[in-house]
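Thanks, everyone. Let's put the chain on the screen and walk through it.

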Amino acid sequence: MKSFRKELTFTVPSRRAYINITGQVQKCIDESGIKEGMVLVNAMHITASVFVNDDESGLHQDFEKWLEQLAPEKPYSQYKHNGYEDNADAHMKRQIMGREVVAAITSGKLDFGPWEQIFYGEFDGKRPKRVLVKIIGE
Ligand code: ZN
């Protein structure tokens with residue numbers, strides 16, 4: 001069995017964003033030389049997510065609105081976590097959207113349904129943050 005590890009770094013200029021990272025994950029699979037196996041992609045920070053969904057801007061606006069209803073960013077004073085930091089909402093948004101994605105690799109490609117894409121969800125940006133890509137297989 002072969003294994004491959006790589007960190008991707010994202011520096012998002014805004015507090016929140018959704019970035020399609022499917023191409024970068026596929027590039028890691030290409031680099032690994034693994035044809036049959038599994039890939040794990042996880043945010044290494046507790047205020048960011050990695051998830052699978054559709055690449056559609058209306059949907060991303062809907063996620064933004066929905067997450068703001070569930071865990072509004074402001075007022076910062078509504079959260080006990082805030083004070084030294086102001087990112088309690090980002091911790092909660094990450095909890096809802098998830099930490100990681102595990103996907104199958106078949107014939108060297110992500111074995112996805114027609115609309116599945118991998119996204120990095122940033123909820124407390126403006127600084128470099130890392131995503132781990134771990135691939136195992138042969
Ligand atoms: Zn925090």
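**Strands, sheets and helices**

Start in the middle of the picture. E3 and E5 run antiparallel, joined by six bridges. A word on names: helices (H or I, at least four residues) and strands (E, at least two) are DSSP runs, numbered from the N terminus. Two strands pair if DSSP finds at least two bridges between them.

Now the ground rules. This is a predicted model, where local features need pLDDT of at least 70 and side-chain atom pairs count only at pLDDT 80 or more, while totals for chains, interfaces and linings use all residues. Residues are numbered from 1 along each chain as its sequence is written, and side-chain values use heavy atoms, with hydrogens and water left out.

The overall layout next. There are three helices and eight strands in the chain. Along the sequence the pattern reads β-β-α-β-β-α-α-β-β-β-β. The C-alpha atoms fill a box of roughly 50 × 30 × 20 Å along the principal axes.

Back to E3. Which sheet does E3 belong to? An open sheet of five strands, in the order E1-E8-E3-E5-E6, with antiparallel pairing. E1 (2–11) and E6 (109–110) are the edge strands, and each pairs on one side only. E3 covers residues 37–43, and it pairs with E8, residues 128–137, over seven antiparallel bridges. Look at Met38. Opposite Met38 in E8 stands Ile136. Opposite Met38 in E5 stands Ala104. Gly37 has Gly137 of E8 as its bridge partner.

How well covered is E3? Mostly: five of its seven residues are buried. Buried means under 20% relative accessible area, with exposed over 50% and partly exposed in between (1.4 Å probe, protein chains only). For the whole chain of 138 residues, 43% count as buried.

Helix H1, residues 22–32, lies across E1, E3, E5 (100–106), E6 and E8. H1 runs at about 150° to E1. Axes here are lines fitted to C-alpha atoms, for helices over the stretch in contact, and angles run from 0 to 180 degrees between N-to-C directions. Contact means heavy atoms within 4.5 Å.

Now the other sheet. An open sheet of three strands has the order E2-E7-E4, again with antiparallel pairing. E2 (17–20) and E4 (48–53) stand at the edges with a single partner strand each, so one side of each has no neighbour in the sheet. Neighbouring strands of this sheet are turned by 25° against each other on average, direction ignored. E4 pairs with E7, residues 117–122, over six antiparallel bridges. One pairing to click on: Ala48 has Glu122 in E7 as its bridge partner.

On to helix H3, residues 88–97. Which residues of H3 are buried? Ala88, Asp89, Ala90, Lys93, Arg94 and Met97. Their cover includes E3, E4 and helix H2 (57–70). Just after H3, Gly98 takes a positive phi of about 95°.

Last, two whole-chain numbers. Among contacts between residues at least 6 apart in sequence, 83% join residues at least 24 apart. The chain has 19 positive and 20 negative side chains, and the centres of the two sets lie 6 Å apart. Lys and Arg count as positive, Asp and Glu as negative; His and the chain ends are not counted. Each charge is placed at NZ of Lys, CZ of Arg, CG of Asp or CD of Glu.

That's the tour. Over to you.
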